[in-house]
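This report is meant for someone meeting the structure for the first time. It begins with a single residue and then widens to the surroundings.

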Amino acid sequence: MSNYTRYTFAERPDRAEEADALCPTVWPEFMLQDLVANSNWGYLTDEFAAFQFFLCDESDAIVAVGNSIPVTWDGSPETLPNRGWDAVFEQGVANLLKGIAPTVLSALQAVVVSGQQGKGLSAEVIRGMQEIAAQHGLGALIAPVRPSKKSDYPLTPMERYIRWARPDGLPFDPWLRVHHRMGAKTIKVAHRSMKIPGSLADWESWTGMRFPESGKYIVPGALNPVTMNLEKNLGVYIEPNVWMVHEISDRLTVDS
Ligand SMILES: CC(C)(COP(=O)(O)OP(=O)(O)OC[C@H]1O[C@@H](n2cnc3c(N)ncnc32)[C@H](O)[C@@H]1OP(=O)(O)O)[C@@H](O)C(=O)NCCC(=O)NCCS
């Protein structure tokens, strides 16, 4: 990683807020409304500062950010939760409060800032998480992965989408491909990884769309259709992710 320098938020607390503020700029507005994230994010920047990091280029500008949380996992595919991202975030915080020692690191977010995308930086973010896991003696990097092109195919079930491959045999999806190239195994779909509820007015303001009747809608940036219920004045988006696992040490291997 010759051209980039990695700093954790613990090493550079003076720039943690700046790094954190860059992330929302790459997401559709509705993705910033996850209730688990919004209730718990402060733990990342405070108690888990050693597991949050950013990459700086040669001019010291922040070009990418990685967020992760240490959790416990026994190596069994069955125990990776269906509520993927939300569940792992809640577990990490609960373990902290109960004093339970973690065994693995879970990825939460990888962001390459807009003007820096497409230069191969995403692998450096994953490498950062792998190295931080190793430094802390954690046996694996687990990741509820959000495939970056799935939003172009919202009608395709995730189980089918993750099997799409290019002629060279690598995953069709660019972000799954990066993880795969870096040694990750695809384990299974986390069907209810995030839950984003909102009133119709919320959804209209988040998306710029109108929802004149109840039903399912294709919303730009969403991986699956979003369900709107006018009687309940409720729109709910359930985001599926894909559990992938990078083995870090021989002490924890994925059961197969
Ligand atoms: C997903 C993301 C992290 C990728 O980072 P990046 O540094 O731009 O990606 P890279 O340059 O390393 O490219 C990785 C792969 O994606 C491909 N790719 C990059 N941008 C692409 C695009 N707009 N369309 C299609 N493929 C693209 C690259 O060609 C490369 O594929 P390859 O294996 O064939 O070489 C970045 O786009 C991002 O921050 N997106 C918003 C947040 C997000 O979705 N994070 C991931 C989930 S937490």
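Arg127 counts as partly exposed in this predicted model, because its relative accessibility is 33%, a value that falls between the 20% under which a residue is called buried and the 50% over which it is called exposed. The residue belongs to helix H4, which runs over residues 121-135. Leaving aside residues up to four places away in sequence, Arg127 touches Arg6 and Met182, while its C-alpha atom is separated by 20 Å from that of Thr72, a residue 55 positions apart along the chain.

**Helix H4**

The helix that carries Arg127 has 15 residues and reaches 21 Å from its first C-alpha to its last, which is close to the 21 Å expected at 1.5 Å a residue. Eleven of these 15 residues are buried, so H4 is largely enclosed by the rest of the structure; among the buried ones are Leu121, Ser122, Glu124, Ile126 and Gly128. After the helix comes Gly137, whose phi is positive, near 70 degrees.

**The ligand**

The ligand is surrounded by 19 residues, of which Gly118, Gly120, Ser122, Arg177 and Arg181 are the closest. An oxygen atom of the ligand lies 2.6 Å from an N or O atom in the side chain of Ser122, and a ligand oxygen is also found 2.8 Å from a polar backbone atom of Gly118. For Leu121, a polar backbone atom is 3.4 Å from an oxygen atom of the ligand. Of the 920 Å² of accessible area that the ligand has on its own, the protein covers 70%.

**Salt bridges**

The structure holds ten salt bridges, including those in the table.

| Pair | Closest N to O distance |
|---|---|
| Arg6 and Glu131 | 2.9 Å |
| Glu18 and Arg15 | 2.9 Å |
| Asp168 and Arg166 | 2.6 Å |

Arg6 forms its salt bridge with Glu131, and because Arg6 lies in strand S1 (residues 5-8) whereas Glu131 lies in helix H4, the pair ties together parts that are 125 residues apart in sequence. Glu131 counts as partly exposed, at 35% relative accessibility.

In the pair of Glu18 and Arg15, Arg15 is buried, with a relative accessible area of 11%, whereas Glu18 counts as partly exposed at 37%. Both residues are linked with Asp60 in a network of salt bridges.

Turning to the pair of Asp168 and Arg166, Asp168 counts as partly exposed at 48% relative accessibility, and Arg166 is partly exposed as well, with a relative accessible area of 28%.

Conventions
Residues numbered from 1 in each chain as written. Predicted model: local features only at pLDDT ≥ 70, side-chain atom pairs only at ≥ 80, totals over all residues. Heavy atoms only, no water. Helix = DSSP H or I, 4+ residues; strand = E, 2+ residues; numbered from the N terminus. Buried < 20%, exposed > 50% of the residue type's maximum accessible area, 1.4 Å probe, protein only. Contact = heavy atoms within 4.5 Å. Expected span 1.5 Å × (residues − 1). Near = heavy atom within 4 Å. Polar contact = N/O pair within 3.5 Å; in protein donor to acceptor, adjacent residues only side chain to side chain. Areas by Shrake-Rupley, 256 points an atom, 1.4 Å probe, with all protein chains shown as cover. Salt bridge = Lys/Arg side-chain N within 4 Å of Asp/Glu carboxyl O.
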